[in-house]
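Please walk through the interior of this protein, moving from its enclosed and open spaces to the side chains that pack between them.

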Amino acid sequence: MGSLINGHIGVIPYDGIPYFTPANNGGAATSPESPETPTLFRPLQIRELTLKNRVMVAPMCMYSAQSGPSSPFIGALTDYHVAHLGNLALKGVGLIIIEATAVQFNGRISPNDSGLWQQGTDSEQFKALKRVVDFAHSQGAKVAIQLAHAGRKASVMPPWIAKEAGKSSLRADETAGGWPDNVVGPSGGKEHIWAPGNGFWAPRELRTAEVEEMVQAFATSAELSVKAGIDAIEIHGAHGYLVSQFMSPVTNKRTDKYGGSFENRTRVIREITTAIRAVIPEGMPLFLRISATEWLDGKFSEYWDLSSSIELVKSLPDLGIDFLDVSSGGNHKDQTIEPHTNYQIDLASQIRKDIRRSGQNTLVGAVGLITQAEAASQIVQGADMEEAKAAESMVAGPQAGADAVLLGRQFLREADWVYHAAKALGVQITAPKQLGRAI
């Protein structure tokens with residue numbers, strides 16, 4: 001973009017940050033309405049949020065926040081996150097989802113995890129989040145945040161420290177900034193340790209009142225996120241963390257209103273969603289990440305499986321959830337997963353088909369082992385045509401497998417993935433001013 005300054009074309013700076021950068025918007029198709037533009041590079045509308053393309057950065061824990069319990073910077077994002085997430089914003093992604101961010105002190109996976117439990121807009125957690133969001137916005141990316149609570153998988157060391165010790169996981173005690181006496185879950189005791197050995201702590205069972213406090217903590221963090229400029233909120237209900245633990249009959253043995261029946265076990269999702277919706281703008285999208293199945297076939301008589309997820313999906317529109325981020329596994333050590341190229345994409349596709357069959361329009365994201373542009377494009381191809389016919393209860397003909405794709409590890413390998421994908425698919429896209437000579 002340019003403007004006439006003293007008779008010359010000048011660069012328009014981005015208005016909203018205290019330093020100079022041109023207002024950039026890399027990764028947007030120059031002809032998004034052209035029949036030749038694949039769906040992957042067409043805009044996606046979610047409530048009042050418009051994404052320039054359908055490529056999202058999946059939330060990835062970086063274990064790079066300060067850990068000192070008495071430090072005002074505990075849980076705050078750092079310059080590392082500005083560099084890491086800012087680089088992806090510069091490289092053309094439609095949406096960045098900031099890593100799992102704990103809504104309570106004991107909700108972090110490790111002492112070095114991101115958090116947003118400090119009250120007020122003058123906290124270091126808030127200021128650091130806003131700094132990341134502001135820079136990403138200056139590069140044309142939208143930003144979501146994944147709000148989370150680790151539950152019984154909390155108070156462990158960053159994975160590379162465990163690996164250096166020759167272990168798959170390593171407990172973080174008080175000397176390492178951990179909280180072994182305050183690791184919690186829907187159910188407690190040694191039988192509910194995530195994995196045997198020294199890798200995890202035995203959780204204590206949350207009291208009913210504490211569950212209610214945790215629900216409100218999600219809302220408080222969501223409200224702070226909005227003030228920091230976040231564009232969307234994602235609730236982390238997957239991978240065996242606290243919300244996922246509540247949903248599964250394998251890890252939830254409670255006898256109060258949060259345990260027992262499917263309705264009671266999913267109550268926490270309904271309450272968190274309702275609490276968040278009450279404090280965020282009506283036009284702001286709300287995402288939910290779930291594990292579509294625990295992969296425990298034949299291991300337990302009752303567990304969370306694909307049919308459980310489809311049952312949950314029926315309630316999503318009434319709860320105000322707009323986008324379902326479909327992952328899997330992570331809630332029990334005896335899970336049997338055989339990863340292959342489409343193992344989670346197939347789950348997302350099946351759930352999406354059921355959603356459309358029921359006449360609902362909840363959007364679905366596919367994640368897991370997506371590395372190639374052609375494969376990513378094929379997953380979402382045609383979704384935009386379905387959106388144009390959203391008034392119909394069922395779209396005739398083949399359906400897309402998802403409405404958007406989420407990439408995680410691939411962005412760590414290839415930060416320029418969006419630009420490479422556009423080239424591979426023959427799509428003309430915009431480029432940041434500073435990178436124009438290379439794209």
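In this predicted model, strand β6 (residues 95–102) supplies three residues to the lining of the largest cavity, which is the largest share of that lining. The full set of residues lining this cavity is A100, T101, A102, G107, R108, I109, D113, S114, A148, H149, A150 and Y241, and by residue type the lining divides into six nonpolar, four polar and two charged. The volume of the largest cavity is about 50 Å³, and the count of cavities of 30 Å³ or more comes to four. As a general point, rolling a probe the size of a water molecule over the atoms is what shows where empty space is left.

From the enclosed spaces one can turn to the open ones, where the largest pocket has a volume of about 1300 Å³. Its lining comprises 43 residues, and those lying nearest the centre of the pocket are P59, H239, Y241, R289 and R409; Y241 also belongs to the lining of the largest cavity. Among the elements that each supply at least two residues to the pocket lining are β14 (404–407) and α13 (409–413), with α13 giving the largest share, four residues. The pocket lining divides into 24 nonpolar, 15 polar and four charged residues.

The packing of side chains comes next. In soluble globular proteins, nonpolar side chains tend to be buried together. Here the largest nonpolar core has 92 residues, and I98, I233 and W417 are the ones with the most contacts inside it. The element that gives the most to this core is helix α4 (residues 208–227), with eight residues. Apart from this core lies another, of 16 residues, including L49, L51, A58 and L363.

What surrounds W417, one of the residues with the most contacts inside the largest core? Leaving aside residues up to four places away in sequence, W417 touches L40, V55, T371, Q372, A373, A376, L407, Q410 and F411.

A last stop is helix α8 (residues 306–313), in which S308, S309, I310, L312 and V313 are buried. An α-helix has 3.6 residues a turn, so residues three or four places apart point the same way. The buried residues of α8 are covered by elements that include the helices α5 (242–247), α6 (262–265), α9 (316–319) and α10 (345–357), together with the strands β11 (286–291) and β12 (323–327).

Notes: Residues numbered from 1 in each chain as written. Predicted model: local features only at pLDDT ≥ 70, side-chain atom pairs only at ≥ 80, totals over all residues. Heavy atoms only, no water. Buried < 20%, exposed > 50% of the residue type's maximum accessible area, 1.4 Å probe, protein only. Contact = heavy atoms within 4.5 Å. Core = buried A, V, L, I, M, F, W, Y, C linked by side-chain atoms within 4.5 Å. 1 Å grid on protein atoms, 1.4 Å probe; cavity = no way out; pocket = protein on both sides within 12 Å on 5 of 7 lines; lining within 4 Å. Points joined across faces, edges and corners; volume = space filled by probe spheres on them. Nonpolar A, V, L, I, M, F, W, Y, C, P; charged D, E, K, R; others polar.
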